[in-house]
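Thanks, everyone, for making the time this morning. I would like to walk through one chain with you, and I will ask you to keep the sequence and the model side by side while I talk.

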Amino acid sequence: MSSLPSGTVTFLFSDIEGSTKLWQAHPEAMKSALARHDALLRATIEAHGGYVFKTVGDEFCAAFPTALAALAAALAIQRALHAEDWAGGGTPPLRVRMGLHTGAADVRDGDYFGATLSRVARLMAAGHGGQTLLSAAVQELVQDDLPHGVTLQDLGERRLRDLVRPEHIFQLVALDLPAEFPPLRTLDAFPHNLPLQLTSFIGREKEMAEVKRLLAAPPTSTKDRPEGRARLVTLTGVGGSGKTRLSLQAGADLLEGFPDGVWLVEFAPLADPHLVPQAITSVLGVPEAPGQPLEKSLLDYLRAKHLLLILDNCEHLIAACARLAETILRACPQVKILASSREGLGIQGEMTMPVPSLAAPDPAHLPPLAALTQYEAVKLFVDRAVAARAEFSVNNENAPAVAQICHRLDGIPLALELAAARVRTMPVELIAR
């Protein structure tokens with residue numbers, strides 16, 4: 001295509017399963033194999049009217065004007081990859097997973113932005129090499145025009161890792177392609193107690209990447225910690241800065257790396273510091289042993305576990321949380337902790353990570369509308385305002401008021417959400433005043 005599709009777009013995201021291990025085992029052969037993979041995907045996508053708007057490593061991001069065109073491209077790619085003689089080049093078969101989702105997205109500078117992109121990325125990440133997954137939106141558009149010999153297998157409603165609404169997922173099935181795969185890598189497949197969220201997660205790409213980098217790294221010795229690895233990361237910041245939401249989203253993205261789960265322990269309702277161990281044992285379901293201190297029962301349970309504890313809102317119980325966190329980390333080598341607090345726990349090995357306010361525009365130097373809507377604070381305000389009043393949008397007339405609201409509230413997420421809720425009953429100009 002000569003230009004990017006706009007309006008309602010069907011996106012196809014793909015990546016190679018296990019590519020890191022393949023590069024380690026076959027470094028030279030993978031160079032030519034990846035070149036063949038890239039050429040095959042690009043040619044097939046373009047032949048079906050698609051537009052490759054981004055590649056990151058072996059990941060392809062493509063946009064199509066119709067869902068049927070995206071489906072046809074995905075089917076052709078899987079067939080071509082399956083038929084390719086990879087052994088002749090010295091590598092095992094490249095197995096590619098794909099996700100297809102249809103929705104609206106913002107276009108800027110040759111790239112797309114918006115919740116639709118996040119959803120298709122998480123849909124793709126739920127699959128396995130050789131598997132193509134469709135959202136309910138795509139299934140609805142293609143089900144009456146499927147190619148001969150092609151069906152859609154209903155995999156049911158699953159919770160993707162964006163923690164918002166579940167997605168009804170369908171698998172593309174063709175007689176000449178593999179159809180049996182392991183269970184999907186959705187939230188349902190891993191032990192956890194992460195709550196379903198009522199709103200989407202906006203921005204924080206840099207902070208998310210840093211938290212995941214720190215906690216996904218294998219346990220290291222003290223001398224390695226200056227390189228940025230830790231078993232305890234504490235998110236710090238003022239109330240309402242989004243520490244809890246960031247920790248929940250990071251926990252969801254890290255689930256696959258913790259076989260024994262990711263467990264949220266909420267301390268906000270707790271007033272007595274002596275109840276901190278009980279709060280954790282209650283979440284984990286640790287049975288009390290007669291005549292044995294609860295803390296010892298907790299340590300015995302955690303000693304052989306490989307899990308992540310999310311300790312939320314520690315500030316009013318800081319001493320008790322710090323003491324128990326340090327005890328757990330010393331006794332349980334495969335347990336990691338992600339804490340949130342207005343101040344650090346102050347124990348050895350802790351890495352504190354400030355959670356800043358969202359970037360907000362300067363009303364005195366208002367950028368063009370397209371640039372204004374890319375500020376994280378504006379994105380959050382608009383998303384929540386649309387939830388309050390579906391017809392809300394930012395235009396040249398109300399842009400100064402939106403910028404003023406975001407600036408005056410210092411980009412604090414909770415404050416922005418409270419202000420955006422008022423869009424239901426008053427214009428943004430009045431909210432700004």
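I will begin with the sheet, go on to the helices, and finish with the cysteines and the salt bridges.

Please bear in mind throughout that what you see is a predicted model. The sheet is an open one of 7 strands, in the order S2-S3-S1-S4-S7-S9-S8, and its pairing is mixed. Strand S2, residues 51-56, and strand S8, residues 150-158, stand at the edges with a single partner strand each, so one side of each is left without a neighbour in the sheet. From one strand to the next, the twist averages 25 degrees.

Let me turn to S4, which covers residues 96-104, and where 8 of the 9 residues are buried. On one side S4 runs antiparallel to strand S1, residues 8-16, and 9 bridges join the two; within that pairing, Ser14 stands opposite Met98. S4 also pairs with strand S7, residues 132-134, this time in the parallel sense and over 3 bridges, with Leu133 as the bridge partner of Gly99. S7 in turn pairs with strand S9, residues 167-174, in the antiparallel sense over 2 bridges, and there Leu134 has Phe170 as its bridge partner.

Which helices pack on this sheet? Helix H3, residues 67-83, does so while touching S1, S3, S4, S7, S8 and S9, and its direction makes about 175 degrees with that of S4. Helix H4, residues 115-125, also packs on the sheet, where it touches S1, S2, S4, S7 and S9, and its direction makes about 155 degrees with that of S4.

Further along the chain we come to helix H9, residues 294-302, in which Ser297, Leu298, Leu299 and Leu302 are buried. The elements that cover the buried residues of H9 include helix H8, strand S12 and helix H10.

Now to the cysteines: how many disulfides does a search of the whole structure find? The search finds 0. The sulfur of Cys314 has its closest cysteine sulfur in Cys321, at 3.9 Å, which is too far for a bond, given that a disulfide needs the two sulfurs within 2.5 Å. For Cys332 the closest cysteine sulfur is again in Cys321, but at 16 Å, also too far for a bond. Cys314 is buried, with a relative accessible area of 0%, and Cys332 is buried with a relative accessible area of 0% as well.

The salt bridges come to 23, and I will pick out a few of them. Lys31 and Glu28 meet at 3.5 Å, N to O; being 3 residues apart in helix H2, they are separated by about one helical turn, and Glu28 is exposed at 56% relative accessible area.

Lys54 and Asp111 meet at 3.1 Å, N to O, and because Lys54 lies in strand S2 and Asp111 in strand S6, this pair ties together parts that are 57 residues apart in sequence. Of these two, Lys54 is partly exposed at 31%, whereas Asp111 counts as buried at 14%.

Arg119 and Glu167 meet at 3.0 Å, N to O, and they link distant parts of the chain, helix H4 and strand S9, 48 residues apart. Here Arg119 counts as buried at 6% relative accessibility, and Glu167 is buried at 4%.

Finally, Glu17, Arg95, Arg161, Arg185 and Glu256 are linked in a network of salt bridges.

Key: Residues are numbered from 1 along each chain as its sequence is written. This is a predicted model: local features need pLDDT of at least 70, side-chain atom pairs count only at pLDDT 80 or more; totals for chains, interfaces and linings use all residues. Side-chain values use heavy atoms; hydrogens and water are left out. Buried means under 20% relative accessible area, exposed over 50%, partly exposed in between (1.4 Å probe, protein chains only). Helices (H or I, at least four residues) and strands (E, at least two) are DSSP runs, numbered from the N terminus. Two strands pair if DSSP finds at least two bridges between them. Contact means heavy atoms within 4.5 Å. Axes are lines fitted to C-alpha atoms, for helices over the stretch in contact, and angles run from 0 to 180 degrees between N-to-C directions. A salt bridge is a side-chain nitrogen of Lys or Arg within 4 Å of a carboxyl oxygen of Asp or Glu.
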